[in-house]
Amino acid sequence: MHFYKKVIYQAVLASLAVMESSVLLADEAGESLDSIVVLGTARKDQTVLTSAAPIDVITSQSLQKTGAARLDQALQQLSPSFNFPQGGYVNNGVKSATLRGLAPDQVLVLVNGKRRHASAGVNTSGFGRGAQPVDLSTIPISAIDHVEILRDGASAQYGSDAIAGVINIVLKEAKEGGSVSAQTGVFKAGNQSLNGNLNGWYGFELPGDGFLTLSFDLYRERHPESGVDDPRQWYFSGDAREATADKSNVKWGYLPDRNSYNILANGEVGLSDRVRTYSTLSFSHSVNWAAENFITPRDNGNVRQLYPDGFQPKGRFEKEDTTAVVGARYSDEALGNFDLSASYGINHQWLSVSPSVNATLGTASPTSFDVSTRVNRLFNYALDYQKDVAVAGWAKPLSISSGISYRDENFYTRAGDYGSWAAVDGAVILDGPNAGQTPSPGARGNTGLSPQDVVNYSRHVSGIYLGAEAQITKQFQLGAVGRYEHYSDFGGTSTGKISSRYEVTPSFAVRSSFSTGYRAPALGQSGYALTGIQAGTGLTFVETRGLPVDSAAARALGATDLKPEKSTDFSLGLVWQPVRNASVTLDAYVINIKDRITLSDNLGGSFVTNILTAAGYPQVTVANFFTNGVDTRTSGVDLTSAYQLDLESHGRLTLNAAFSSARTEVIDIAANPAPLASSGLVLFGRQAIGYIEDAAPKNKWVLGLRHQLANWDVTLNTIRYGTFIDRDASNAAYDQKYSAQWVTNLDVGYQLSDAWRVNLGANNLFDTYPDKQIPQRRTLGQTKYSPLSPAGYDGRFVYARLTFDF
């Protein structure tokens, strides 16, 4: 122990002195802290430290050592700029991953450099409210060679969505060998919390120095459900059952239980010295279950003859995701390099609920319902070109890049079962304080998508770009790129980017970039239509309606056609590598976004009710819709560092430290539509603005240590999530600021033989939890913790993993 203390103390002092480089970038072979990158550049010789933009590279080994079975959970532990709230149950089953504190759909996701399609779900609450994100969990970790994260605006380089940055998932290219890994683990909190994961890959050699790498994962996840702290009164006043009611079985499913499997094939064949063809195919299927708000006996959506003591509905969310990418590359020294590709992606989502009931159907109501179907589809075609051209007097050739692209996008929905949305005329409540009144319609737990809500939206996008990068002198590099895209639904948009890097000394450089960006409205936002419920007073619910922007009801409330977000991004950074085995990067940035697409406040009152009744929704009392509602400014700083020590006979020690801080401000709010203003309503209230400004942690630390000695490998990782605030919709006194939380993860590995390896580990080793919610923040008194919590609230997770390499 004395030796470890001495080494760690000296290493920490040294790493603080030299600071560090791109996060978690220690080369696995111990050769260098730098690595070649393909993201953010058309050059073939750019590395993390010579790039004009900040890039993180996270290896497959680092992903495996997190103990996470899903890519999004692993990146949460490894990247300081990446935020993936672990709390909350999202009905669409897709959690929101972000960069630099911006929205989930302001991050572009690529796989092997090709655009990934978005999921079919739109997040309707909490952090990332209104986003239609990409589902990172559909990509098996076993298929990944490394992940590149570009922390810079890149719309001019890659197109829509790359306002906050780009995540590029680079797949394995193995032509031999393979690996199978089995992991099982248990959470400290609750029962039935056993998780299991089986994953692996296998490589085949194909003609022309080609390869085929097959990967898979099977995943079973069980989260403990939290008991209710404050169930309040269930029955009616004076009902004797209230005094003896057994409320111990009331649960709230913060995170869904999950069964899933992913399979992926990545291959390439050389047809000649100049032509290579490639293809990637994947399929993913998962089913999630989660307990939802407990429906009390007194709820007006309950049929007390069927559920005299209330019931606990569970949502079942099923999704399938399919992708296919095919392409060919042609390389010629005189002509340059061509890449022609076609890709297809489709995401299906089905939602059902059981047990449940539609109170307007009375005792004849079914007790389970299919609620909705949502589908998002993308065809993408691209031709990219790159060529190096020698220029007299320049240190390296000028790299020219250009390309054309065409996308076909489609989003559509299907209605749920009749009973899931029906409102039968003449139905009345038979007993209780509201006897004789009209009961709440639709399925309790999840209300169905009605035929009126069904949408089918499509669009076509064509684009062209041109770029150039040059190492003009040994010290100075300069790059520029411009892009124009035309959308069939809102016209054309153009963007540009200029980046530079100047090497002051061989070990110290300054880099900067300025770019304009955009994000087109997601079709799921344009076609947003949703029937739901939200907490009302006491232990009751009220019906809500999400309205497509082109619907008569939305127009009557002041909705207008959506237009693209426009952004400007300026960043300035420093890169320092005082010695070969240590490096530091520091990058500051300001991102301004105009016409940010957001979901309005939940609008209620007699004015809204009258409009909804006229539109055919007589029982709905609350509505919302998408609009270009606010302008924002995000400013922040990213600091990353790494230091590697060769301890000779005592092995190798790698230290990493990284820090990210981001602050988003709403600097302008769109004028309140006249229909709302005349009725005293506000399009964006304090809670909607709070989700943008305060819901993400203000900062995040990631501290890592890895020691390799003989057959032993120890990885220690500590994360500090900064404070965040959950604002109340109407009363500032009920705002809650949540304390910072420290989470420590440990993985200890031992190489049993050339083929067998065992790992034991613990996530959240010291069993920390976020602050509990104050009573006023709890949904119907049922939720203990905020769904915004970045580290979740399942407590310590202990696991064992056995790996066989062949």
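Student: By class, how many charged residues does the lining of the second largest cavity have?
Tutor: This is a predicted model: local features need pLDDT of at least 70 and side-chain atom pairs 80 or more, while totals for chains, interfaces and linings use all residues. Numbering runs from 1 along each chain as its sequence is written, and side-chain values use heavy atoms, without hydrogens and water. A cavity is a set of 1 Å grid points over the protein atoms alone where a 1.4 Å probe fits but cannot get out; lining residues have an atom within 4 Å of a point. Set aside 15 nonpolar (Ala, Val, Leu, Ile, Met, Phe, Trp, Tyr, Cys, Pro) and four polar residues (neither nonpolar nor Asp, Glu, Lys, Arg), and the charged count is eleven.

Student: Which residues lie nearest the centre of the second largest cavity?
Tutor: The lining holds 30 residues. Nearest the centre are Arg115, Ala118, Gln132, Val134 and Asp161.

Student: Why do Val608, Ile611 and Leu612 lie on the same side of α9?
Tutor: Helix α9 (a DSSP H or I run of at least four residues) spans residues 606-614. Val608, Ile611 and Leu612 are buried there (under 20% relative accessible area, 1.4 Å probe, protein chains only). They share a side because the directions from the helix axis to their C-beta atoms cover an arc of only 95°.

Student: Which residues are exposed on the other side of α9?
Tutor: Exposed means over 50% relative accessible area. On the side away from the buried residues, that applies to Ser606, Asn610 and Ala614.

Student: Which glycine follows α9?
Tutor: Its phi is positive, near 100°. The residue is glycine 616.

Note on methods: 1 Å grid on protein atoms, 1.4 Å probe; cavity = no way out; pocket = protein on both sides within 12 Å on 5 of 7 lines; lining within 4 Å. Helix = DSSP H or I, 4+ residues; strand = E, 2+ residues; numbered from the N terminus.
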